[in-house]
Structures are given as C-alpha cells and as structure tokens.
Amino acid sequence: MRLPSIAAAIVVLPTVSACGGGGLAQDEAQQVFQAMYMVSTAVSAESAQRVTTPSAAEPSTTGWAVEQDGDDYSFAATISGTGLWTGTIELVGSLTMSAEHYQYEYDMVFTDVESGGVILNGVTGMSLYMMTAADGSMEQRYHMFGDVVATGAVSGTASFDYSMDLSYDASTGAYVYAYSGDLGGQDVSGMYGSGSGAGYGVGY
C-alpha cells in the first residue's frame, strides 16, 4: 500500500516535467549518461539503506516517509546530494527485497541536480528487477526514462528511455551485459557509466 504523500507527489510530477524532444550530440549524450549513472547509483544505494533501517520510518529525523508490508516497502523523500552529486531530488517509490528477489521502482523530480559539471532539471523514473539463484548466478534488468533539461557542461533538452540487461553465471564467473535505448537522440549501446569499470550498469 502506498502512502498518501506518495500518491500526492506522483500527481505533481507532470506539472514540473521538462519538455520532451530535442537532441544532444554524441559527446553531450555521453556526459548526461555518466551524470545519470552517478546520480541513480547513489540514490538507489541510499534508498535501500534508508528504507530498510528502523530509523528510516521516522520522517522527523530522516526526511523519509516509509511504509512496510513484509518484504515490500513504499516510501517518499526529498533528498539533497552531498557527494557524488548535488541538488535536490523529490523521490517516491517502492522496493521489494528478499534473498532471491530485488526490485525497485522510482519516480523522481530533479532540481538543479549536478554531477561532473552537468546540471539536470526534469522528471525521471527508474526501475530494476533482479533475481539471484542459490549459487549466486543472477539475471538483472535496469530501466531509466524521462525528460531533462541539461545545462552547465552540456546544454540541451533530452528525452531518454534506455535499459541495461545483465546475466551472471556463478559457476564460470562470466557475465554478459548490454545497454539498449536512446538518450537525446543518441543510441546508448556504446556508452559507459563513470565508475562502472567492472562492466555493471547504472543503478545496480
């Protein structure tokens, strides 16, 4: 069950959405891709920690409103970046965590979110679905979409909708991953996220 504050925040999302369309040059799209990588990775990691710790259920002390039903969590927060990114993100989402299954869905409003000199404003969403076998093998799909206005090191308006699919075989140590989709008119299949030297994708 979602919190009333989450439902209210979702209604607000379309009113602050950046205009879709536009386009970016290949190098500009790469910079936005890297910025989105850093921000989404940090946000997903913080969310998992905040949502599943007892103190996270106390909005007065953490700024997070959390509701739990077994392995399922619903939450809302306004967070400010202090490290890999700066700016403010209004976040509503859901998270499911168990030994075999990890899944989240987020809706986010970016306000002056900066990473690597790229400043992003707009409405975005991301989701991740991951299944893990008893031997550690894994199947994962990450999806990111939205519309942002980029300023700073990059100037332009970009719609984006891209995914990363990954499979890992624990018995051989081999993994296969691939990006697909579009960011600002550019194919993301050859792009890379800063800090993803192992080949794993955004938000993992």
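I take partly exposed to mean a relative accessible area between the limits for buried, under 20%, and exposed, over 50%. The model I examined is predicted.

**Entry 1: salt bridges**

I searched the whole structure for salt bridges and found two. I recorded glutamate 46 with arginine 50 as one of them, with 3.5 Å between the closest N and O atoms. Both residues lie in helix 2 (residues 26-51), four residues apart, so about one helical turn separates them. I then looked up their accessibility. Glutamate 46 has a relative accessible area of 25% and is therefore partly exposed. Arginine 50, at 28%, also counts as partly exposed.

I next noted the salt bridge between the side chains of arginine 141 and aspartate 165, at 2.6 Å from N to O. Arginine 141 belongs to strand 6 (residues 138-152) and aspartate 165 to strand 7 (residues 156-169), so this pair ties together parts that are 24 residues apart in sequence. I found arginine 141 partly exposed, with a relative accessible area of 42%. Aspartate 165 is partly exposed with a value of 30%.

**Entry 2: strand pairing**

I followed the pairing from strand 3 (residues 86-97) to strand 4 (residues 101-115); the two run antiparallel and are joined by 11 bridges. Threonine 88 has threonine 111 of strand 4 as its bridge partner. I traced the connection between strand 3 and strand 4 as a hairpin of three residues.

Strand 4 also runs antiparallel to strand 5 (residues 118-132), and I noted 13 bridges between them. Here valine 113 is placed opposite leucine 120 of strand 5. The hairpin of strand 4 and strand 5 has two residues between the strands, and in it glycine 116 adopts a positive phi near 60°.

Further along, I found strand 7 joined to strand 8 (residues 174-183) by 10 bridges, again in an antiparallel arrangement. Aspartate 161 has its bridge partner, aspartate 182, in strand 8.

**Entry 3: the sheet and helix 2**

I assembled the strand order as 1-2-3-4-5-6-7-8-9, an open sheet of nine strands with antiparallel pairing. Strand 1 (64-69) and strand 9 (186-187) are at the edges; each has a single partner strand, so one side of each lacks a neighbour in the sheet. I then examined helix 2, which packs on the sheet and touches strand 1, strand 2 (72-82), strand 3, strand 4, strand 5, strand 6, strand 7, strand 8 and strand 9. I recorded about 125° between the direction of helix 2 and that of strand 4.

Technical notes:
Residues are numbered from 1 along each chain as its sequence is written. This is a predicted model: local features need pLDDT of at least 70, side-chain atom pairs count only at pLDDT 80 or more; totals for chains, interfaces and linings use all residues. Side-chain values use heavy atoms; hydrogens and water are left out. A salt bridge is a side-chain nitrogen of Lys or Arg within 4 Å of a carboxyl oxygen of Asp or Glu. Buried means under 20% relative accessible area, exposed over 50%, partly exposed in between (1.4 Å probe, protein chains only). Two strands pair if DSSP finds at least two bridges between them. Contact means heavy atoms within 4.5 Å. Axes are lines fitted to C-alpha atoms, for helices over the stretch in contact, and angles run from 0 to 180 degrees between N-to-C directions.
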